[in-house]
Amino acid sequence: MDNFHLSDLLESLVEIKGAVHIHTQYSDGDIEAREVISAAQTVGLDFLVFTDHMTLQAKNEGFEQFHNDLFTLVGYEHNDNQEKNHYLVFGVDAVEKEQDSPQKYIQKLKKAGGIGFLAHPSEVRNYFKKYPSYPWTDWSVTDFDGIEIWNQMSEWVENLRSWLSFIYIFYPRRFIQNAPINLLHRWDEYNRKQFVSGIGGVDAHTFHIKKGFIAFKIFPIKVELKGIRTHLYVDKEFCKRDFSTSKKIFLEAIKQGNGFISNFRRGDATGTVICLTTSDGKAFPPGKNREVVELPATFYVSIPDRAEINLIKNGRIVQQGKGTMVEFDVTDPGLYRIEIFKGKNAWIYSNPFPIGKYPLY
Ligand SMILES: [Zn+2]
Ligand SMILES: [Zn+2]
């Protein structure tokens with residue numbers, strides 16, 4: 001097959017990439033919002049999403065807008081009254097009260113028009129008292145829109161088992177390998193019942209470490225922004241830079257899961273095309289279907305560098321390919337998604353493609 005481009009298959013869509021889940025001095029980050037914006041512009045991101053803890057101050061200070069070509073949204077990270085069950089919410093104008101039950105704030109934020117993601121749900125790190133883990137604990141909740149399936153900071157701190165692990169500190173991105181397997185399984189299980197979107201989060205804090213005479217900054221912001229990224233296929237209107245239209249388009253795409261997650265450390269995934277095409281000439285991006293997909297259908301995957309490409313169906317690898325372009329034919333309904341690896345390191349995870357009627361068993 002000849003090379004093809006996103007524009008050929010998904011005519012009205014363009015790809016944008018950015019960093020979601022960024023903390024600043026408005027909560028416990030140690031960097032100013034404007035520094036993050038300038039770093040994001042330097043490394044060529046299309047969007048940034050600030051999510052300080054329990055505050056929308058960056059929005060009140062006017063940071064939610066286009067900064068030249070950089071779309072900047074201000075959401076926030078909600079928590080319960082024990083400071084647990086962190087929840088990233090986008091598209092709201094006010095901070096909700098802390099509550100004892102996550103279900104309460106999930107519902108209140110939804111009512112206020114918010115789109116919400118369970119943050120770093122399977123975080124485990126018990127090595128440092130100062131940085132305890134905050135996994136999601138209340139799995140009885142419903143009505144959330146998605147899950148942060150890959151969190152850069154969680155995975156990095158998990159690897160940092162001792163202050164002597166200096167190599168992790170100087171080469172922080174080297175050790176980001178893959179999204180937690182148990183979380184991917186959980187994500188698949190949810191998605192067999194109803195659509196649950198996935199995002200990758202940076203969880204940038206750029207905190208300082210002081211140990212004896214040594215003091216240095218972990219993860220300078222430019223390095224952080226060259227790690228886990230969320231890519232979205234959005235309507236071309238987004239690029240006209242009318243902020244309120246672009247915001248609507250952005251929120252819709254992230255909610256519907258129209259895109260994929262990449263780790264820049266393994267290569268720039270810009271230009272990746274992952275879609276499903278049917279014999280009647282329709283093409284679908286990843287995410288919640290807006291119409292019925294007629295079977296048989298074919299997945300097209302085109303990536304900017306050689307890698308191993310897996311088709312996952314109902315949580316299991318069912319077809320594999322290698323190279324820069326692969327097609328997978330499918331004939332059965334199910335919950336499909338694409339995972340792309342370079343050796344043992346994950347590079348790209350697509351959002352799911354649900355095919356057929358729920359539940360997808
Ligand atoms: Zn958090
Ligand atoms: Zn956070």
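A residue counts as buried under 20% relative accessible area, as exposed over 50%, and as partly exposed in between, with a 1.4 Å probe and protein chains only. With that in hand, welcome to a predicted model that holds two zinc ions, ligand 1 and ligand 2, 3.3 Å apart. Residues are numbered from 1 along each chain as its sequence is written.

Here are the two sites side by side. Donors are N, O and S atoms within 2.8 Å of the metal (3.2 Å for Na, K and Ca); water is not among the atoms, so sites may look incomplete.

| Zinc ion | Protein donors | Distances | Spacing along the chain |
|---|---|---|---|
| ligand 1 | E77 (OE), H86 (ND1), H120 (NE2) | 1.9 to 2.2 Å | E-x8-H-x33-H |
| ligand 2 | H21 (NE2), H23 (NE2), E77 (OE), D203 (OD) | 2.1 to 2.3 Å | H-x1-H-x53-E-x125-D |

E77 appears in both rows, as this residue coordinates both ions.

Let's start with ligand 2. Its four donor atoms subtend angles of 76 to 166 degrees, which makes the arrangement irregular: four donors are tetrahedral if all angles lie between 85 and 135 degrees, four are square planar and six octahedral if opposite donors are over 155 degrees apart and all others between 65 and 115, and anything else is irregular. Among these donors, H23 is buried, with a relative accessible area of 0%, and D203 is buried too, at 5%.

Now for ligand 1, whose donors include H86 and H120. Both of these histidines are buried.

Technical notes. Chains are lettered from A and ligands numbered from 1 in the order in which they are written. This is a predicted model: local features need pLDDT of at least 70, side-chain atom pairs count only at pLDDT 80 or more; totals for chains, interfaces and linings use all residues. Side-chain values use heavy atoms; hydrogens and water are left out.
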